[in-house]
Amino acid sequence: MSPHSLKFVDTKNKFSASITSALADKNSKSLINTFSQIIGNEAEKKTTLDQALRGVLGDQIVEKKAGCDDYLSLIYLSIDAVTEGISSATTPFVLLGDVLDCLPLDQCDKIFSFVEENVSTWKSNSFYTAGKNYLLRMCNDLLRRLSKSQNTVFCGRIQLFLARLFPLSEKSGLNLQSQFNLDNITVFNKNEQESTLGQKHTEEKEDCMEVEEGEMGEDDAPLPCSIPIDYNLYRKFWTLQDYFRNPVQCYEKFSWMTFLKYSDETLAVFKSYKLDDMQASKRKLEEMRTSGGEHVYFAKFLTSEKLMDLQLSDSNFRRHILLQYLILFQYLKGQVKFKSSTCVLNDDQTTWIEETTKLVYQLLRETPPDGDKFATMVEHILNTEENWNSWKNEGCPSFVKERTVDDKPKRPTRKRQAPEDFLGKGPDRKIFMGNDELTRLWNLNPDNMEACKSDSREFMPSLDEFFTEAIEQADPANMVEEEYKVVRNPNYGWRALRLLSRRSPHFFQPTNQKFKSLADYLDSMVSKLAKELPKDIPSEEIKTGEEDDDDNGDNLLKDSNDSPSIQSKLVTNQQMDDIAAKLGAQWKMLASHLEMKAVELREIETDSEDVDMQAKLLLVAWQDREGTQATVENLTTALNAAGFSQIADSLNEA
């Protein structure tokens, strides 16, 4: 064994003995004296003391003679050591992690109370930077061990501690990309054969009456079970939880229709069945007041079929469901930075959401107790949530503003010039700018802001004026070689991009095409602009050659408005829906003939698990890439090559 390792072992033993003595005296002076007496490198002594502290803790845990108070005394000692500068700042957090990993959950509760009480210590400059990741990892490990339904309070304490520890702008605690907890699945009976709701309604009514009679007083007459509860309503009601869990699917056409149908039926049930605010609700409110606000909270919905009629009659349950609707509508209508470009509501969807929002607020106001007050509070909270959404869209800037340093030496201020020093005298009021040329330019117009708004200051050309030469050169009939085209000029390309960003809608349209150079991109844009030129441009200025060139499909300069036959040959959305339904799981056989890349196929499989939707996404991707070349003729050719001749024949007949 080398002398260096012997020195480490001896030093560690000295530290261990000093730690034991300090714990007995409940004072860290003996440990500080031992550290100062040992000769060696400061960093090596700190590392050795860290190992000694961890070794003493390990001995306490293995012997099982120490309790939580002994563990906490050792952690307090390590905090004092860090404060005195004789131990590493991460040592208390390492000891906490070791203790929590080795103790059962009931003792972890007491240790975590110590962590909560010392949050101000963890946020101090000595500990925060070194320990924040340790604390975050420790809390996540605890959350994985806890049950969200049985240890709800403990889980909430951990979340509140993290909220107190980290600033609001801490990125690790923010859902920046607006992701959803897709693991929160509501389980209910999806097999109608096993349903118990097929019994006679009279039997259910008697059972309902028996349950309520046991809970209500003699003077409270239970309401009759007037709602026909069947399996169809039960299935539709609980299916809505999947849309609340993953709102993105509401942007899909078929999912939206299902959500719309189920929501209308559910809200119609709530609307037709009014809750009574005279007996049961008043008694429930009085019980909550006498109990000091403490009541049972369930982290998950109870989806038993036997509880369905009771849940529809419960005001708290109804408020839960209605509030879920409002949160969902806020997301669908809101501007979220990380939303996909396809997540856009159409006019019909927007109108339905606005009408349904009014209905939900009306139902909340009609739900006892204190319906008006509850609805007003919910509306206020959701309006406040819009501010948080805006803050996240802006990149979560810090709320802390740096103070200006008052100790900076102030520069001597120059005496402000009098107006006579730079304003001329007389009716002209000429302003002197200190330079003859600047003075001349400044005094060209008495009001410079109005001069900037003058029509003569408009230097931006129109699209047809700027791209006329490029369109002429793009015509194959003019036989202009690639190297001599203006789109190859870098200066021209830079000005073309600026003009397109101001005047052309094509500049901001997403596309799956990939361009190797700016010139290739401009060639594509010129092809699109050539079809949108105004009709008043003389054709001889754009096109040269024989009249037979009109039949040439490569003529880029023909106005799209003059070619309805071409437009009529483009594949429509209805045709793509029909083809996708017929292809089904065989859509990959067509993908190779549409020249789709393997990367695009993997993206399609990731976006949806439904084979019909995958086939539709394949056709949409092909249409986006081909643009005006996404014709019925080209799609028919690909279908025949892939062996789908019957589908190709039905497409031609349509």
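A disulfide is a pair of cysteine sulfur atoms within 2.5 Å. By that cut-off, this predicted model holds zero disulfides. Cys102 shows the gap: the nearest cysteine sulfur belongs to Cys108 and is 9.3 Å away. Cys102 therefore stays outside any disulfide, since a pair must lie within 2.5 Å.

**Exposure of selected residues**

Buried means under 20% relative accessible area, and partly exposed runs from there to 50%. Two cysteines and one leucine are listed here.

| Residue | Relative accessible area | Class |
|---|---|---|
| Cys102 | 48% | partly exposed |
| Cys155 | 11% | buried |
| Leu438 | 47% | partly exposed |

Cys155 counts as buried because 11% is under the 20% cut-off. Cys102, at 48%, is partly exposed.

**Helix H11**

Helix H11 covers residues 231-245, 15 residues in all. From first C-alpha to last, H11 reaches 22 Å. That is close to the 21 Å expected at 1.5 Å a residue.

H11 is mostly covered, with twelve of its 15 residues buried. Aromatic names appear among them, including Tyr231, Tyr234, Phe237, Trp238, Tyr243 and Phe244. Lys236, Gln241 and Arg245 are buried too. What do the buried residues of H11 pack against? Their partners are three helices: H12 (253-272), H14 (308-312) and H15 (315-333).

**A nonpolar patch**

Met433, Leu438, Leu441, Trp442 and Leu444 make a nonpolar surface patch of about 490 Å². Leu438 sits in helix H19, residues 436-442. Leu438 can join a patch because its 47% relative accessible area is over the 30% required.

Terms used. Residues are numbered from 1 along each chain as its sequence is written. This is a predicted model: local features need pLDDT of at least 70, side-chain atom pairs count only at pLDDT 80 or more; totals for chains, interfaces and linings use all residues. Side-chain values use heavy atoms; hydrogens and water are left out. Helices (H or I, at least four residues) and strands (E, at least two) are DSSP runs, numbered from the N terminus. The expected span of a helix is 1.5 Å times one less than its number of residues. Buried means under 20% relative accessible area, exposed over 50%, partly exposed in between (1.4 Å probe, protein chains only). Contact means heavy atoms within 4.5 Å. Patches are made of residues with over 30% relative accessible area and no salt bridge: like charges are joined within 9 Å, nonpolar side chains (Val, Leu, Ile, Met, Phe, Trp, Tyr) within 5 Å. Accessible areas come from the Shrake-Rupley method with a 1.4 Å probe; for residues, only the protein chains shown count as cover. A salt bridge is a side-chain nitrogen of Lys or Arg within 4 Å of a carboxyl oxygen of Asp or Glu.
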